[in-house]
Amino acid sequence: MAVPFENLTVHIGERNNGLFSWLLSQMGFDVTILSAQVRNRFTGAYGPPFDHFIMMVKLDGHRWLCDVGFGSGFQLPLSLETDSPQAQSHGVYRIRSQGDFIFMETKSETEVSGSAEECWLEQYKFTLESRERDDFRAMLLLPTGRITIMGRKLIITSLTSEDGQQAMKTTTDLSNEEITELLREKFGIVLPSPLTPKDVEIVPPPVTY
């Protein structure tokens, strides 16, 4: 709740730093750095190895998946010892093993013939092979929702029910000056050099047969 999810450094020519894994290690936790490949929600394709930095933490013989670098992901550690659904205030998640990979998935409800059908969406896949921080190159969570700056848009998601199952989203276009001010005011981030926002309008690729 105190440190915003931040991926701005890639836009100003700097590297991501794995601060959370360092913090856990300094606190005495048994931390293993893992590499995940994120699934593109439009194409279904997975990114390259070392696409995403995640951690396995061992505590009292139990293995946990920790990840504070995935904008819309879970906010509490997920158990790696079960494939059962794990409910949190912002959603329901599960860990599923298949072949050589482990998948982190989130629950989604879809309408089929007028009735809700349970559906699990793959977010990323990974293995338990230990990695090093140097192997990797290259939103603010609140009790009542999220504040996200993406490109030149401010996105505020407010939870409208205590169980987190309903949310209201508002989107506002920002100027470059407004982005800089909001980063300072809302996130406590002061950039050392100008930010060049990327276009966030993702257009699904054409369907080919």
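How many salt bridges does a search of the whole structure find? The search finds nine salt bridges. A salt bridge here is a side-chain nitrogen of Lys or Arg within 4 Å of a carboxyl oxygen of Asp or Glu.

This is a predicted model, where local features need pLDDT of at least 70, side-chain atom pairs count only at pLDDT 80 or more, and totals for chains, interfaces and linings use all residues. Residues are numbered from 1 along each chain as its sequence is written, and side-chain values use heavy atoms, with hydrogens and water left out.

Three of the bridges follow, with the strands that hold their residues. Strands (E, at least two residues) are DSSP runs, numbered from the N terminus.

| Salt bridge | N to O distance | Strands |
|---|---|---|
| R94 and E105 | 2.6 Å | β6 (residues 91-98) and β7 (residues 101-112) |
| K107 and E118 | 3.4 Å | β7 and β8 (residues 115-126) |
| K153 and D173 | 2.9 Å | β11 (residues 153-159) and β12 (residues 167-173) |

K153 and D173 are 20 residues apart in sequence, so their bridge ties together separate parts of the chain. R94 and E105 also belong to a network of salt bridges, with R39, R96 and E122.

How covered are these side chains? Buried means under 20% relative accessible area, exposed over 50%, and partly exposed in between (1.4 Å probe, protein chains only). E105 is buried, at 2%. K107 is partly exposed, at 33%. E118 is partly exposed too, at 48%. D173 is exposed, at 56%.

Technical notes:
Helix = DSSP H or I, 4+ residues; strand = E, 2+ residues; numbered from the N terminus.
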